[in-house]
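Q: I would like a close look at one part of this structure. Please keep the steps clear, as I am a first-year student.

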Amino acid sequence: MSQELFTAYSKFSEAILEVNAYVADVFANHEELKAYSPQQLQTLRIIKKNPSISQSEIADIQGVFKTAISNRIKKLEQDGLIAILTNQDLRKKAISITQKGTELLVVSETVIFENLNDLLAERFTGDEIIKFTSQLDEIVHCLKMEKDGDNK
């Protein structure tokens, strides 16, 4: 790894930690969102993106043990944000987001966008944001290809 790439990785890791702390603080200070951890809302986003996903699949995506997901799922289900459906042979439980869960995600994304917009809008040009987004897309693409075994 080149020194430039190592520096970029270090700065990106630091930025992720700071963004996560910022998001947690925003959620903690919002009346509707303070009942949920960023991890619970991330779980909800994963469920929305992957209808009928299993707890094991969520654990794999989040890189945590299934017991951590089980606790998150329990809270989301109790609050009516998700529904758990059991298939006919009763072995696999598929998790789906409810309308209430979808509405909460809209609130969380709107709140985060508004806060980040207030913080960053005057610091970056539209072109800088477009370039940054394009670079993030390329990183995601490379990581997905590596995961799928097609690292061309």
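The request below picks the part, and one connected answer follows.

Q: Please take me through helix H3. Which of its residues are buried, and what do they pack against?

A: A word first: this is a predicted model. Helix H3 spans residues 55-62. Its buried residues are Gln-55, Ile-58, Ala-59 and Gln-62. Seen down the axis of H3, these buried residues fall within an arc of 100°, so they line one face of the helix. There is a general reason for such a pattern. An α-helix has 3.6 residues a turn, so residues three or four places apart point the same way.

Now look at the neighbours. The buried residues of H3 pack against two helices, H2 (38-49) and H4 (66-78). They also pack against strand E2 (93-97). Then look at what comes after the helix. H3 is followed by Gly-63. The phi of Gly-63 is positive, near 70°.

Next, follow Ile-58 inwards. The largest nonpolar core has 22 residues. Within this core, Ile-58 and Leu-44 touch the most other members. H3 does not supply the core alone: helix H1 (3-28), H2, H3, H4 and helix H5 (99-120) each give at least two residues. As a general point, nonpolar side chains in soluble globular proteins tend to be buried together.

Leu-44 deserves a look of its own. Leaving out residues up to four places away in sequence, Leu-44 touches Leu-76, Leu-81, Ile-82 and Ile-97, as well as Gly-101, Leu-104 and Leu-105.

Finally, turn to the charged pairs. The structure holds three salt bridges. One joins Glu-109 and Arg-45, with the closest N and O atoms 3.8 Å apart. This pair links distant parts of the chain: Glu-109 belongs to helix H5 and Arg-45 to helix H2, 64 residues apart. Glu-109 counts as partly exposed because its relative accessibility is 40%. Arg-45 is partly exposed too, with a relative accessible area of 31%.

Another salt bridge pairs Lys-75 with Asp-79, and here the closest N and O atoms are 3.0 Å apart. Lys-75 has a relative accessible area of 24%, so it is partly exposed. The side chains of Lys-34 and Glu-31 also meet in a salt bridge, at 3.3 Å from N to O. With 47% relative accessibility, Lys-34 counts as partly exposed. Glu-31, at 64%, counts as exposed.

Conventions
Residues numbered from 1 in each chain as written. Predicted model: local features only at pLDDT ≥ 70, side-chain atom pairs only at ≥ 80, totals over all residues. Heavy atoms only, no water. Buried < 20%, exposed > 50% of the residue type's maximum accessible area, 1.4 Å probe, protein only. Helix = DSSP H or I, 4+ residues; strand = E, 2+ residues; numbered from the N terminus. Arc of directions from axis to C-beta. Contact = heavy atoms within 4.5 Å. Core = buried A, V, L, I, M, F, W, Y, C linked by side-chain atoms within 4.5 Å. Salt bridge = Lys/Arg side-chain N within 4 Å of Asp/Glu carboxyl O.
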